[in-house]
Amino acid sequence: MDHFSRAWTALLAAVAETPDEDFEKPSGCTGWSIRDLACHLVIDAQDVLITLVTPADDGAEPTANAATYWHVSDEPPTGDDPLDALIPRLAAAYGEPRWLKFHLDDVGSAAGRAAKLADPALRVSTQDMVLTAGDYLSAYVIEWTLHHLDLIAHLPDAADPPSESMAAARALLEEIAQAEFPASFTDKDTLLVSTGRRAPTAEETAALGDLADRIPFILG
């Protein structure tokens with residue numbers, strides 16, 4: 001729960017601090033600008049709010065945890081998915097970046113408060129899965145951390161996500177992959193390389209060994 005709050009607070013602050021003129025720059029998400037990514041985060045925040053007030057049926061046992069919540073593919077997104085394609089149109093409708101920033105801060109702050117108030121043992125329902133609220137929020141640590149890296153992909157002066165968030169996201173990614181990434185990899189490099197956000201160097205490929213054939217892990 002603390003990792004969720006730390007990662008989300010840092011990401012909201014990073015968006016708020018991004019100059020308006022940078023909103024048209026590309027993000028680390030294929031086909032999306034920073035403006036588009038910020039719009040996606042509004043939807044993510046709404047999903048958190050919806051899920052936390054959608055309790056599972058009485059007696060329902062968890063069917064997923066923080067790791068199995070994620071569907072893993074080895075095919076990077078193309079931007080052709082209907083929802084992915086909708087995001088740029090929604091983002092453009094905001095007009096000036098300040099309105100998008102305002103909406104994200106409004107909905108995002110509410111999602112952050114709801115997460116702090118949630119009972120970690122509460123069983124919630126989302127996407128035909130039942131999880132504890134604690135596991136659901138833990139799953140989102142990797143979402144926030146990866147999107148923070150996406151946000152700053154072309155902003156060389158922007159700060160990285162909190163080190164604790166990157167370490168927690170790496171640990172969850174290793175649980176998802178059921179493999180440990182080389183100790184020589186920083187948490188940031190692990191997240192970028194393993195999810196296909198950048199190609200590994202020759203040295204990194206050698207260090208990965210057989211794991212090199214399994215990347216990227218595309219989470220959705």
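The following conversation concerns the contacts, strands and surface of a predicted model.

User: What should I know about the model before we begin?
Analyst: It is a predicted model, in which local features need pLDDT of at least 70 and side-chain atom pairs count only at pLDDT 80 or more, while totals for chains, interfaces and linings use all residues. Residues are numbered from 1 along each chain as its sequence is written, and side-chain values use heavy atoms, with hydrogens and water left out.

User: Aromatics, then. How many aromatic pairs are there?
Analyst: The count is nine aromatic pairs. Rings of Phe, Tyr and Trp (its six-membered ring) pair if their centres lie within 6.5 Å; planes under 30 degrees apart count as stacked, over 60 as edge-to-face and the rest as tilted.

User: How are W8 and W144 arranged?
Analyst: W8 and W144 are stacked, at 4.0 Å centre to centre with 25 degrees between the planes. The pair links distant parts of the chain, since W8 belongs to helix α1 (residues 2-17) and W144 to helix α5, 136 residues apart. Helices are DSSP runs (H or I, at least four residues), as are strands (E, at least two), and both are numbered from the N terminus.

User: Are those two buried or exposed?
Analyst: W8 counts as buried at 2% relative accessibility, and W144 counts as buried at 0%. Buried means under 20% relative accessible area, exposed over 50%, and partly exposed in between (1.4 Å probe, protein chains only).

User: And what about Y69 and Y140?
Analyst: Y69 and Y140 form a tilted pair, 6.3 Å centre to centre and 45 degrees between the planes. Y69 sits in the loop between α2 (34-52) and β1 (72-73), whereas Y140 is in helix α5, 71 residues apart. Y69 is buried at 4% relative accessibility, and Y140 is buried with a relative accessible area of 4%.

User: Which residues make up the cluster?
Analyst: Ring pairs link F4, W8, Y69, W70, Y136, Y140 and W144 into a cluster.

User: Switching to charges: how many salt bridges?
Analyst: There are eleven salt bridges, each a side-chain nitrogen of Lys or Arg within 4 Å of a carboxyl oxygen of Asp or Glu. One of them joins K188 and D160 at 2.9 Å, N to O. K188 lies in helix α7 (residues 187-194) and D160 in the loop between α5 (133-151) and α6 (163-177), 28 residues apart.

User: What does D187 bind to?
Analyst: D187 forms a salt bridge with R170, with the closest N and O atoms 3.1 Å apart. D187 lies in helix α7 and R170 in helix α6, so the pair ties together parts that are 17 residues apart in sequence. D187 is partly exposed at 25% relative accessibility, whereas R170 is buried at 9%.

User: Now the strands. Which way do β2 and β3 run?
Analyst: Strand β3 (residues 129-132) runs antiparallel to β2, and four bridges join them; strands pair if DSSP finds at least two bridges between them. The two form a hairpin with two residues between them, and Q127 in the turn has a positive phi of about 50 degrees. V124 stands opposite L131 in β3.

User: Where do the β2 side chains point?
Analyst: In β2 (residues 123-126), V124 and T126 point to one face and are buried, while R123 and S125 point to the other and are not. In a regular strand the side chains alternate between the two faces of the sheet.
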